[in-house]
Amino acid sequence: MAEMGSKGVTAGKIASNVQKKLTRAQEKVLQKLGKADETKDEQFEQCVQNFNKQLTEGTRLQKDLRTYLASVKAMHEASKKLNECLQEVYEPDWPGRDEANKIAENNDLLWMDYHQKLVDQALLTMDTYLGQFPDIKSRIAKRGRKLVDYDSARHHYESLQTAKKKDEVKIAKAEEELIKAQKVFEEMNVDLQEELPSLWNSRVGFYVNTFQSIAGLEENFHKEMSKLNQNLNDVLVSLEKQHGSNTFTVKAQPSDNAPAKGNKSPSPPPDGSPAATPEIRVNHEPEPASGATPGASIPKSPSQPAEALEVAGGTQPAPGAQEPGETAASEAASSSLPAVVVETFSATVNGTVEGSSGAGRLDLPPGFMFKVQAQHDYTATDTDELQLKAGDVVLVIPFQNPEEQDEGWLMGVKESDWNQHKELEKCRGVFPENFTERVQ
């Protein structure tokens, strides 16, 4: 019997709920058709609009914050991979390896700490803030239903009162239902009327605290990260200083991997080298010194090696003697002219061209164009390349076949080899122009 009673109560409750839904639906239809008035509360409707707007803004902020956190995590992973790459390429015998590894560890910890603090101080606060909206939204919807119930009870009571044939029992019951519906509605309405404005005003403080937390965490993170980056920069600067340009030489490649003669590309010289900067040349054309033999002519450029020094009219002084002003002329020339011109000028002032060395300077390889001096060591990677040491002077000559010349490469013979052998076929070779600097 108890079970049947329980089932009966349940069935009765279901029937009551169904009846309420039908009554509400009927009341709404009448209100939309204008056949029944509807209780309006413009102030409350404004609070509901604010509530919906606040919920929309909060939901968007939560979504964007989660996207930001995902980006931080992605940046953490990218930074971690980059540091792992540095650790792999940083050879064990290089100075600062331990410091670089420690910086990488601190970098990883700093990213983890930043992400966790964002979760604790921003995301969890955001979740808590939005957690109150579902309950209030449910209560607003329930208040709307209770308002329909109240209007329906009110209309039913009014219709019984205005009926031609009055039934006092029904009127009394309808009045009782009206009072009950009004009480339930007003209790809910009063609570929401207090909560909604308070919730709306709380958004300002919440936004301030949230963005202040994010800004403060990001500021501290970048300060600490800046220190780590500065420390890493110091380690790399120390590595660069301890490994000069002579250490990082260009190593020869296996012969089977050597580039074809028609596809050479010059290797870059060490950063900051003179060869890496635009070349600035000044053509000096010295005036004949007072002690020079009248009528002597001086070559204007090394591109005219075939011109002989002409000594016209005038007597040559005795060996070992010096003409007045010779010393001053020699010093003036040496302070403003390239070495070859100075020496040639000195020989002209003396009135002679010394036999062996003079002939060596004037006997230049066929097609000689200009001289360059190696600024860095260069290790040849093929049989047709010159092996250079810093300071070597190279006499530049044209390619036999101009089509074989690659951009950034020159053909030449080292001055020391030429003076010793005088054989182009044996001594000439190609070399990267950016490892040298023009001197004449």
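## Exercises on a predicted model

Helices α2 and α5 are roughly parallel to each other. Keep in mind that this is a predicted model. Let's work through it piece by piece.

**Exercise 1.** Work out which word fits the pair α2 and α5: roughly parallel or roughly antiparallel.

*Solution.*
- Start with the general idea: two packed helices are described by the angle between their axes and the distance between the axes.
- Now the values. Helix α2 covers residues 42-89 and helix α5 covers residues 168-242; their axes come within 10 Å and cross at roughly 15°.
- Angles under 35 degrees count as roughly parallel, so α2 and α5 are roughly parallel to each other.
- As for handedness, α2 passes α5 in a left-handed crossing.
- Sorted by class, the residues in the contact of α2 with α5 are 18 nonpolar, six polar and four charged.

**Exercise 2.** Do the same job for α2 and α4: find how their directions are related.

*Solution.*
- Helix α4 spans residues 133-161, and its axis and that of α2 come within 12 Å, crossing at roughly 150°.
- Angles over 145 degrees count as roughly antiparallel, and therefore α2 and α4 are roughly antiparallel to each other.
- The crossing of α2 and α4 is left-handed.
- On the α2 side, the contact is made by Phe44, Val48, Phe51, Gln54 and Leu55, while α4 brings Phe133, Ile136, Lys137, Ile140 and Arg143.
- Those residues of the α2 and α4 contact split into seven nonpolar, one polar and two charged.

**Exercise 3.** Decide for Leu386, Thr125 and Asn220 whether each is buried, partly exposed or exposed.

*Solution.*
- You need the cut-offs: buried means under 20% relative accessible area, exposed means over 50%, and partly exposed is in between.
- Leu386 sits in the loop between β1 (370-374) and β2 (393-397). Its relative accessibility is 5%, so Leu386 counts as buried.
- Beyond its neighbours within four places in sequence, Leu386 is in contact with several residues, including Tyr378, Val394, Cys427 and Phe431.
- Thr125 belongs to helix α3 (residues 97-131). With a relative accessible area of 35%, Thr125 is therefore partly exposed.
- Leaving out neighbours within four places, Thr125 touches Asp120 and Phe206.
- Asn220 is part of helix α5. At 45% relative accessible area, Asn220 is partly exposed too.

**Exercise 4.** Find how far apart in space these pairs sit, C-alpha to C-alpha: Asn220 with Tyr114, and Thr125 with Gln62.

*Solution.*
- Asn220 and Tyr114 are 106 residues apart in sequence, yet 8.9 Å apart in space.
- Thr125 and Gln62 are 63 residues apart in sequence and 9.9 Å apart in space.
- Here's one more pair to check: Leu386 and Val413 are 27 residues apart along the chain, with 7.9 Å between their C-alpha atoms.
- Now zoom out to the contacts in the protein chain with a separation of 6 or more: 72% of them join residues 24 or more positions apart.

**Exercise 5.** Say what is notable about the phi angle of Lys422, and where Lys422 is found.

*Solution.*
- Lys422 is not a glycine, but it has a positive phi of about 60°.
- You'll find Lys422 in the loop between α9 (415-421) and α10 (424-427).
- Its relative accessible area is 33%, so Lys422 is partly exposed.

**Exercise 6.** Sum up the protein chain in a few numbers.

*Solution.*
- Count the elements: there are 10 helices and five strands.
- Of the 440 residues, 32% are buried.
- The accessible surface comes to about 28,000 Å², and 52% of that belongs to carbon and sulfur atoms.

Methods: Residues are numbered from 1 along each chain as its sequence is written. This is a predicted model: local features need pLDDT of at least 70, side-chain atom pairs count only at pLDDT 80 or more; totals for chains, interfaces and linings use all residues. Side-chain values use heavy atoms; hydrogens and water are left out. Axes are lines fitted to C-alpha atoms, for helices over the stretch in contact, and angles run from 0 to 180 degrees between N-to-C directions. Helices (H or I, at least four residues) and strands (E, at least two) are DSSP runs, numbered from the N terminus. Angles under 35 degrees count as roughly parallel, over 145 as roughly antiparallel, 65 to 115 as roughly perpendicular and the rest as oblique. A crossing is left-handed if the near helix is turned anticlockwise from the far one by less than a right angle, and right-handed if clockwise. Ala, Val, Leu, Ile, Met, Phe, Trp, Tyr, Cys and Pro count as nonpolar, Asp, Glu, Lys and Arg as charged, and the others, Gly among them, as polar. Buried means under 20% relative accessible area, exposed over 50%, partly exposed in between (1.4 Å probe, protein chains only). Contact means heavy atoms within 4.5 Å. Accessible areas come from the Shrake-Rupley method with a 1.4 Å probe; for residues, only the protein chains shown count as cover.
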